[in-house]
Amino acid sequence: YAAYHSAKTHPHVHMLVWSKDPKEPYLSTVGIHNIKHTMAGDIFRQDMISIYKEQTNIRDELKEIFRQRLEDISKKLQSSSADISPEFYEKFSELCEKISSHKGKKVYGYLDKKTKDMVDGIVKMIANDKDISDAYEMWYQLQCESYRTYTDEMPSKTPLEQNKEFK
């Protein structure tokens, strides 16, 4: 059960929660977080739409910038450009060999652990690009904005290569 109070200085909700299972004596921190997230999503749905749209736009922009950087790098690799570091060249070549012999879909989720680690390493190197890091920072700030509707604790900034939303 819950009661919403639209106080001028601090709107809030009083909740009573219990389990039907007597072996579950309390809610975990994750459980409380999930309840707050769900309720805030329901209460502030209209307010959050613009944030979610902007976050989607930034994510799409980030993916496009990243795709363009990969195309540029690929062209430089084919022309043996001196702009590419030997370390990056080696990692990218190794990944290309691994992917070419991969059976099945060539999608991150279907790759084996070693190949995923190779992809993550390359993404980490490319993520240092200023345009990419700026776009990712904007996406993260919007993520924090959505969290502010139900908590004062912001999530730590996950490196781009580890962020599940961009896999």
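This is a selection-by-selection tour of a predicted model.

**Stop 1: helix α2**

Select α2, residues 45-78. At 1.5 Å a residue its 34 residues should span 50 Å, and the end C-alpha atoms lie 48 Å apart, which agrees. Now colour the buried positions of this helix: M48, I51, Q55, I58, R59, L62, I65, F66, R69, I73 and L77. What lies over them? Show α3, α4 and α5, which are among the elements covering the buried residues of α2.

**Stop 2: the nonpolar core**

Keep those helices on screen and turn to the largest nonpolar core, which has 29 residues. Select L62, F88, I126, I132 and L160, the members with the most contacts inside this core. Two or more core residues come from each of α2, α3 (86-100), α4 (113-126) and α5 (130-147). Which helix gives the largest share? It is α2, with eight residues. In soluble globular proteins, nonpolar side chains tend to be buried together.

Centre the view on I132 and display what surrounds it. With neighbours within four places in sequence left aside, I132 is in contact with L62, I65, F66, R69, I126, A127 and L160. Of these, L62, I65, F66 and R69 are also on the list of buried α2 residues.

**Stop 3: aromatic pairs**

The model holds four aromatic pairs. Start with F88 and F92, whose ring centres are 5.6 Å apart with 20 degrees between the planes; this pair is stacked. Both residues sit in helix α3, and because they are four residues apart, about one helical turn separates them. F88 counts as buried at 6% relative accessibility, and F92 counts as buried at 14%.

Next select W139 and F166. Their ring centres are 5.1 Å apart and their planes stand at 75 degrees, so the pair is edge-to-face. This pair links distant parts of the chain: W139 is in helix α5, while F166 is in the segment after α5, 27 residues away. Are W139 and F166 buried or exposed? Both are buried. Add Y136 to the selection to complete one aromatic cluster of Y136, W139 and F166.

**Stop 4: the largest pocket**

Leave F166 selected and display the largest pocket, with a volume of about 600 Å³. Its lining has 22 residues, and F66, L70, V119, V123 and F166 lie nearest the pocket centre. Which helices supply at least two lining residues each? They include α2, α3 and α4. Two residues from earlier stops recur here: F66, a contact of I132, and F166, a member of the aromatic cluster.

**Stop 5: two neighbours in α5**

Finish in helix α5, where E145 and S146 are found. E145 has a relative accessible area of 36%, so it is partly exposed. S146 has a relative accessible area of 8% and is therefore buried.

For E145, draw a distance to R59: the two C-alpha atoms are separated by 15 Å, although the residues are 86 apart along the chain. R59 is one of the buried residues of α2.

For S146, show the contacts outside its neighbours within four places in sequence: M48, I51 and Y52. M48 and I51 are among the buried residues of α2, which brings the tour back to the helix selected at the start.

Conventions
Residues are numbered from 1 along each chain as its sequence is written. This is a predicted model: local features need pLDDT of at least 70, side-chain atom pairs count only at pLDDT 80 or more; totals for chains, interfaces and linings use all residues. Side-chain values use heavy atoms; hydrogens and water are left out. A nonpolar core is a set of buried Ala, Val, Leu, Ile, Met, Phe, Trp, Tyr and Cys residues joined through side-chain atoms within 4.5 Å. Buried means under 20% relative accessible area, exposed over 50%, partly exposed in between (1.4 Å probe, protein chains only). Contact means heavy atoms within 4.5 Å. The expected span of a helix is 1.5 Å times one less than its number of residues. Rings of Phe, Tyr and Trp (its six-membered ring) pair if their centres lie within 6.5 Å; planes under 30 degrees apart count as stacked, over 60 as edge-to-face and the rest as tilted. On a 1 Å grid over the protein atoms alone, a cavity is a set of points where a 1.4 Å probe fits but cannot get out, and a pocket is an open set with protein on both sides within 12 Å along at least five of seven lines; lining residues have an atom within 4 Å of a point. Grid points are joined across faces, edges and corners, and a volume is the space filled by probe spheres set on the points.
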